[in-house]
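Colleague: I have a new structure to read. Could you take me through it, feature by feature?

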Amino acid sequence: MPEGDTVFHTADALRRQLAGQTLTRCDIRVPRYATIDLTGQVVDEVLSRGKHLFIRVGWASIHSHMKMDGSWRVGSRPKPRIDYRARIVLEAGDTRAVGVDLGVLEILDRATDAAAVEHLGPDLLGDDWDPHRAAANLTADPDRPVAEALLDQRVMAGVGNVFANELCFVSGHLPTAPVSAVADPLRLVSRARDMLWANRFRWNRCTTGDTRGGRLMWVYGRAGQGCRRCGTPIASQDPAPGSADRVQYWCPSCQR
């Protein structure tokens, strides 16, 4: 599930392979932008902003968001493979980058591409990270459920459902608890930063500090298994059909 750490890592991988290279192929498979060809342009930079990724090429900025299932895959030709799920194919010499199942793909004017993310709160992995501003954003609506507030990218950019559930656990709150129950909002947003920072160069996300197989998460994806702290079976709640809510996991004993 692509969250801020995965997008940061993806941007780093694309940057190492493409930055400074001249595109020898640009195949955009989104009807609105299909006639745009950036072949011959140099990739100047690749950067992430929360869950958004930008590849700046010549006059253009390739803006993508992976949503739930998307990914960028980069390697040496003939891999990664190109199939019906590809939304964009970029090549520079022997390097190929394929955007697969991207939730958002658009070509923006590079001079104004920042407008696409101006609504976001402080980027947990960015130069603009400001924990005091993030804490103020978090507490702006004290009656809002903690997990819902953590998922709001206007509060701070980068937290997805995995981190939201894990942060609720380490702070000792139910995902449905109101933000007003959080005694130290600054500590909570700082923990969010620490979690994403520790995972910014990992594909296998870990929040427990124990990178051994099967020990990566506190509660996420562990319904029915014993809590790592107290042994109580982890509870879960699936969202209602058609709801925008996310699946939630918690320990009934450690989180109150």
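What follows is a talk about cores, helices, sheets and single residues.

Modeller: A caution to begin with: this is a predicted model.

Colleague: Let's start inside. Which residues have the most contacts inside the largest nonpolar core?

Modeller: That core has 38 residues, and L138, L150, M156, V159 and L167 have the most contacts inside it. Four elements give two or more residues to this core: helix 2 (131–138), helix 3 (146–151), helix 4 (161–171) and helix 5 (185–198). Helix 4 supplies the largest share, 7 residues.

Colleague: What does L167 touch, leaving aside residues up to four places away in sequence?

Modeller: L167 touches L150, V159, L188, R191, A192 and M195. Another core lies apart from the largest one. This other core has 27 residues, among them V43, L53, V57 and I88.

Colleague: Now the helices. Which residues of helix 2 are buried?

Modeller: The general idea comes from the helix turn. An α-helix has 3.6 residues a turn, so residues three or four places apart point the same way. Now the case here. The buried residues of helix 2 are A134, A135 and L138. They fall within an arc of 100° seen down the helix axis, so they line one face of helix 2.

Colleague: What do those buried residues pack against?

Modeller: The buried residues of helix 2 pack against helix 3 and helix 5.

Colleague: And which residue caps the N-terminal end of helix 2?

Modeller: D130 does. One of its side-chain oxygens lies 3.1 Å from the backbone nitrogen of H132.

Colleague: How many residues of helix 4 are buried?

Modeller: In helix 4, 10 of the 11 residues are buried, so read "buried" by its cut-off: under 20% relative accessible area. The buried set includes N161, F163, E166, L167 and V170. Among the elements that cover these buried residues are helix 1 (4–18), helix 3, helix 5 and strand 10 (248–250).

Colleague: What comes just after helix 4?

Modeller: G172 follows, with a positive phi of about 80°.

Colleague: On to single residues. Is D12 buried or exposed?

Modeller: D12 lies in helix 1. Its relative accessibility is 16%, so D12 counts as buried. The side chain of D12 also makes a polar contact of 3.0 Å with the side chain of R16.

Colleague: Where does D143 lie?

Modeller: D143 sits in the loop between helix 2 and helix 3. D143 has a relative accessible area of 64%, so this residue is exposed.

Colleague: How far apart are D143 and V179 in space?

Modeller: Sequence and space are separate readings. D143 and V179 are 36 residues apart in sequence, and their C-alpha atoms are 6.0 Å apart. Take another pair, R81 and M195: they are 114 residues apart along the chain, with 32 Å between their C-alpha atoms. R81 is in the loop between strand 5 (71–76) and strand 6 (86–92). R81 is exposed, with a relative accessible area of 59%.

Colleague: Now the sheets. What is the strand order in the sheet that holds strand 5?

Modeller: The order is 1-6-7-5, in an open sheet of 4 strands with antiparallel pairing. Look for the edges next. Strand 1 (25–28) and strand 5 each have a single partner strand, so one side of each has no neighbour in the sheet. On average, neighbouring strands here are turned by 10° against each other, direction ignored.

Colleague: How many bridges join strand 5 to strand 7?

Modeller: There are 6 bridges, and the two strands run antiparallel. R73 stands opposite V98 in strand 7. Helix 1 packs on this sheet, touching strand 5, strand 6 and strand 7. The direction of helix 1 makes about 30° with that of strand 5.

Colleague: What is the order in the sheet that holds strand 8?

Modeller: The order is 2-3-4-8, again in an open sheet of 4 strands with antiparallel pairing. Strand 2 (43–49) and strand 8 (104–109) are at the edges. Here neighbouring strands are turned by 20° against each other on average, direction ignored.

Colleague: Which residue is the bridge partner of S61 in strand 8?

Modeller: L108 is the partner of S61. Strand 4 (residues 60–65) and strand 8 run antiparallel, joined by 6 bridges. Helix 1 lies across strand 2 and strand 3 (52–57), at about 175° to strand 2.

Technical notes. Residues are numbered from 1 along each chain as its sequence is written. This is a predicted model: local features need pLDDT of at least 70, side-chain atom pairs count only at pLDDT 80 or more; totals for chains, interfaces and linings use all residues. Side-chain values use heavy atoms; hydrogens and water are left out. A nonpolar core is a set of buried Ala, Val, Leu, Ile, Met, Phe, Trp, Tyr and Cys residues joined through side-chain atoms within 4.5 Å. Buried means under 20% relative accessible area, exposed over 50%, partly exposed in between (1.4 Å probe, protein chains only). Contact means heavy atoms within 4.5 Å. The arc is that of the directions from the helix axis to the C-beta atoms. A polar contact is a pair of N or O atoms within 3.5 Å; within protein, one must be able to donate a hydrogen and the other to accept it, and residues adjacent in sequence count only if both atoms are side-chain atoms. Two strands pair if DSSP finds at least two bridges between them. Axes are lines fitted to C-alpha atoms, for helices over the stretch in contact, and angles run from 0 to 180 degrees between N-to-C directions.
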